[in-house]
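Let's take a walk through this one, starting with the sheet and ending with how far to trust the coordinates. Have the structure open as you read.

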Amino acid sequence: MLPADNRLRRREDFAIAVRRGRRAGRPNLVVHLHRQETSGLVTSERTPATAQPSEPDTLRQSVAEDPHADVEHAPPPRAGFVVSKAVGPAVVRNVVKRRLRHLIHDRMALLPAGSLVVVRALPPAAQADHSALARDLDAAFDRLLGRAGRTAAVRADGPAAKPGATA
């Protein structure tokens, strides 16, 4: 289970991640990552109450409205999931969601502070096992975060094989 601070809940946050973030598609899922500019989140000027805020303004306001928020403390990365009816019936969708939630929980430390991640499961995810989803998620994060290779400490799907070991 993801901690409450690491969950995407608002429709606007999902929209920002999908529309403004980078996308990496894999056979079983699509990952959208939007990196927040943490230095410019809190601004001194407020928008008028009659004005309709735009998508980035809603994020600034949600952080700026909390009088107890620590300006120096960067917001944690947050993740959300989209599993449509095309994946399967409710039982299958919930299994896929639980697997993805578990995989993301193990990888939250990889994400930059304040980033928004949306993981959209594709129909083949219903038949994919845990390790296939883990491989697709790792490959998507490698692409989005600009890493050429993963280290053994990052892998959450099991210990990495030692160089020169035989299987």
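In what order do the 4 strands sit in the open sheet? Keep in mind as you look that this is a predicted model. Reading across, the order is 1-2-4-3, and the pairing is mixed. At the edges you'll find strand 1 (22–25) and strand 3 (78–83), each with a pairing partner on one side only. Going from one strand to the next, the twist averages 15°.

Now zoom in on the middle of that order. Strand 2, covering residues 29–34, runs antiparallel to strand 4, residues 116–121, and 6 bridges join the pair. If you want a spot to check the register, look for L29, which stands opposite A121 in strand 4.

Next, the helices. Helix 1 (residues 11–20) lies across strand 1, strand 2, strand 3 and strand 4, and its direction is at about 80° to strand 4. Helix 3, residues 90–107, packs on the sheet too, where it touches strand 2, strand 3 and strand 4. Set against the direction of strand 3, the direction of helix 3 makes an angle of about 160°.

So much for the fold; what about confidence? The average pLDDT for the protein chain is 78, with 66% of the residues scoring at least 70. One stretch to watch is residues 38–50, where pLDDT is below 50, although the model gives this stretch 13 contacts beyond near neighbours in sequence. Residues 159–163 also stay under 50, and there the model has 1 contact beyond four places in sequence. Where pLDDT is low, don't read the predicted coordinates in detail.

Conventions:
Residues are numbered from 1 along each chain as its sequence is written. This is a predicted model: local features need pLDDT of at least 70, side-chain atom pairs count only at pLDDT 80 or more; totals for chains, interfaces and linings use all residues. Side-chain values use heavy atoms; hydrogens and water are left out. Two strands pair if DSSP finds at least two bridges between them. Helices (H or I, at least four residues) and strands (E, at least two) are DSSP runs, numbered from the N terminus. Axes are lines fitted to C-alpha atoms, for helices over the stretch in contact, and angles run from 0 to 180 degrees between N-to-C directions. Contact means heavy atoms within 4.5 Å. pLDDT is the predictor's confidence in each residue, from 0 to 100.
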